[in-house]
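Notebook open, coffee poured. I want to go through this one piece by piece and jot down what I look up.

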Amino acid sequence: MFDFSVITSNAGLLWDGLLMTLYFTVITIAAGLVIGLVIGLIQLSTFRPLVLIGQIYVEFFRNIPLLVALLWIYYAFPIFANLNITKFWAGFIGLSCYVGSFYAEILRAGVQSIDPGQTDAATAIGMSYSQRMRRIILPQAFRKMIPPLAGQSIIQMKNTTLLSMITVPDLLYQASYISSFTYRPMEIYTAVGVIFLILLVPLTMLSRRLEKVGGKI
Amino acid sequence: MTAETPLAKVPVEAANDSRANVLELDRICLAFGDKQVLKGVDLDVKEGEVVVLIGASGSGKTSLLRCINLLNTPNSGSINIDGEFIFNVDAEGSRRPAISQSEVNRIRSKTGMVFQQFNLFPHKTAIQNVMEGPVIVRGESKAEARKEALRLLELMGLGEHGEKYPRQLSGGQQQRVAIARAMAMHPKVMLFDEPTSALDPELVGEVMNAMVDLAKSGMTMVIVTHELGFAFEVADRVVFLDQGTVAEQGAPEEVLLHPKHPRLKSFVGRFHESADLLRPFLEARIQEEATEA
């Protein structure tokens, strides 16, 4: 019933798609972490207007379906802003902003879960805000943040498949392209599923390990 | 426990009023929302003086202590630590003169604070906890800070525990590490916020002994505690706070044995009751010791 020769004969296209998926996963997670750190710290500040800006950002990107955001940035935004945006930039911006809002929430929750006594103690020995954050609060918070960060990053890798909707040639885009001329979608989408499993199961196991290490402190 | 290795001994003559004020609090007011917690508290502490703050819960004693290093920011009043204003806001709310955040941090580090819940940094070993302030805030070299941290830990009877994490130490040991951490900044005044309240009864003694040694070495101390016996033994002055004001203060014998304020009478009454209950046992022990000697 299955004819896997379509996979082997089109392995090159799938490989290109896989590289594109990995590429977008890495760069959007990296950019998302930067966004998450900035927005998270903004939300933790005591200056009300800044906190509000952070909250608006988070709620905006958390509550719009990622597919809608991607389509809007690629098709609608260039018309409103009157500028050209490539599909790579649209994909990069959409995915980074989206995951950044989740990372920001993880950071905020992680920092707020640290006992206020830690801030008191660090303040009492004369530490400045940045010294407290860098030396005392964030190192403890990061340990607690490892499991949710790993979880969100795994979701992010799977979310890159939505890039195919704005014709970025990722793994799913290549799969639908291959099935359009081989008429073997079953084999090809099964292969895509297996590729994601092979990539993500070890990562899940790694995050479990890290969770145990982090839990010790 | 540390009779052989005292801190720098500072001879303190009795009734030496020429000593400078290390701490001057003037008309401190603090409100949390609508609740007026401190209603214009004045408190001066002289060099080498041990002041114990007592009062019922909610009387504002912990809030007052946290105002000294601005962990709580008062609404008005002035706080002078070792000749420098860390806070100076008059009743209209104008700040004269403005004090920058970095100045606040610098003046704040002239105080050392010990908390009820110890608040050690759990991701750092005992010695790293003690070194953190000197290395990060004062920019000392690690080697230098390490040497001093070891000396302080040994002083606290924790010489062998330097490489342990807080979770590997008992409550009493953790609190003594916390005292060493505060001492590492060479503070002008040490602030203690109910340092023995979170400890198992059998661990209270070791922390109190460390504090007694500290007091004997001439350290200026402000202590919030419910241990009136400790106050009686160690304090130069006992301050009774009631509803956000200083209701009565004076020598411990005066305040604890001959209270005048009605609420202070009922507050120390409980102490006297338990002391009366213990009297036969204490007298028996004194006699035992006398016959042994």
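**Entry 1: a salt bridge inside a helix**

I started with a pair of charged side chains: Glu103(B) and Arg106(B) meet in a salt bridge, 3.1 Å from N to O. This is a predicted model, so I treat that distance as a computed value. Why do these two sit about one helical turn apart? Glu103(B) and Arg106(B) are three residues apart in helix α2 of chain B, so about one helical turn separates them. I then ran the search over the whole structure, and 18 salt bridges came back over all chains.

Next I asked where helix α2 of chain B goes. Helix α2, residues 101-108, lies across β4 and β5 of chain B and runs at about 125 degrees to β5(B). That sent me to the sheet.

**Entry 2: the four-stranded sheet of chain B**

I traced the strand order as β2-β1-β4-β5 in chain B, an open sheet of four strands with antiparallel pairing. At the edges I found β2 and β5 (84-89) of chain B, each pairing on one side only. From one strand to the next the twist averages 10 degrees.

Then I went through the pairings:

- Strand β1 (residues 21-32) and strand β2 (residues 35-46) of chain B run antiparallel, joined by nine bridges. Here I noted Leu25(B) opposite Leu43(B) in β2(B).
- β1(B) also runs antiparallel to strand β4 (residues 76-81) of chain B, with five bridges between them. In that pairing, Glu24(B) has Asn80(B) in β4(B) as its bridge partner.
- β4(B) and β5(B) pair over five bridges, again in the antiparallel sense. I marked Ile79(B), which stands opposite Phe87(B) in β5(B).

What packs on this sheet, touching β1, β2, β4 and β5 of chain B? I get helix α1 (residues 61-68) of chain B, whose direction makes about 120 degrees with that of β1(B).

I also checked the turn from β1(B) to β2(B). The two strands form a hairpin with two residues between them, and Gly33(B) in the turn has a positive phi of about 65 degrees.

A reminder to myself on pairing: strands of a sheet pair through backbone hydrogen bonds, either parallel or antiparallel.

**Entry 3: the six-stranded sheet of chain B**

There is another open sheet in chain B, and I wrote its order down as β6-β7-β8-β3-β9-β10, six strands with mixed pairing. Why is one side of β6 and of β10 left without a neighbour in the sheet? β6 (111-114) and β10 (245-250) of chain B stand at the edges, and each has a single partner strand, so one side of each stays free of a neighbour there. I get an average twist of 20 degrees from one strand to the next.

For the β6(B) edge I looked up the partner. β6(B) and strand β7 (residues 189-193) of chain B run parallel, with four bridges joining them. Val114(B) stands opposite Phe192(B) in β7(B). Helix α6 (residues 201-216) of chain B packs on this sheet and touches β3 (50-54), β7 and β8 (220-224) of chain B; the helix direction makes about 145 degrees with that of β8(B).

**Entry 4: over to chain A**

For chain A I counted nine helices and zero strands. Along the principal axes, the C-alpha atoms of chain A fill a box of roughly 70 × 45 × 20 Å.

**Entry 5: where A meets B**

How many residues of each chain are in contact? I find 20 residues of chain A in contact with 22 residues of chain B. The two chains bury about 1800 Å² between them, with 60% of that on carbon and sulfur atoms. I looked up the top contributors on the A side: Ala124(A), Ile125(A) and Arg135(A) supply 31% of the area that chain A buries against chain B, more than any other three residues.

For charges, the rule finds two salt bridges across the interface of chain A and chain B. Arg66(B) and Asp120(A) meet in a salt bridge through their side chains, at 2.8 Å from N to O. The rule also finds six residue pairs in polar contact across the interface of chain A and chain B.

Which elements of chain A give two or more residues to the side that touches chain B? They are α6 (116-124) and α7 (129-159) of chain A. α6(A) has the largest share, seven residues. By residue type, I split that side of chain A into eight nonpolar, seven polar and five charged.

How values were computed: Residues numbered from 1 in each chain as written. Chains lettered and ligands numbered in written order. Predicted model: local features only at pLDDT ≥ 70, side-chain atom pairs only at ≥ 80, totals over all residues. Heavy atoms only, no water. Pairing = 2+ DSSP bridges. Axes fitted to C-alpha atoms, helices over the stretch in contact; angles between N-to-C directions. Contact = heavy atoms within 4.5 Å. Buried area = accessible area lost by both parts, 1.4 Å probe. Salt bridge = Lys/Arg side-chain N within 4 Å of Asp/Glu carboxyl O. Polar contact = N/O pair within 3.5 Å; in protein donor to acceptor, adjacent residues only side chain to side chain. Nonpolar A, V, L, I, M, F, W, Y, C, P; charged D, E, K, R; others polar.
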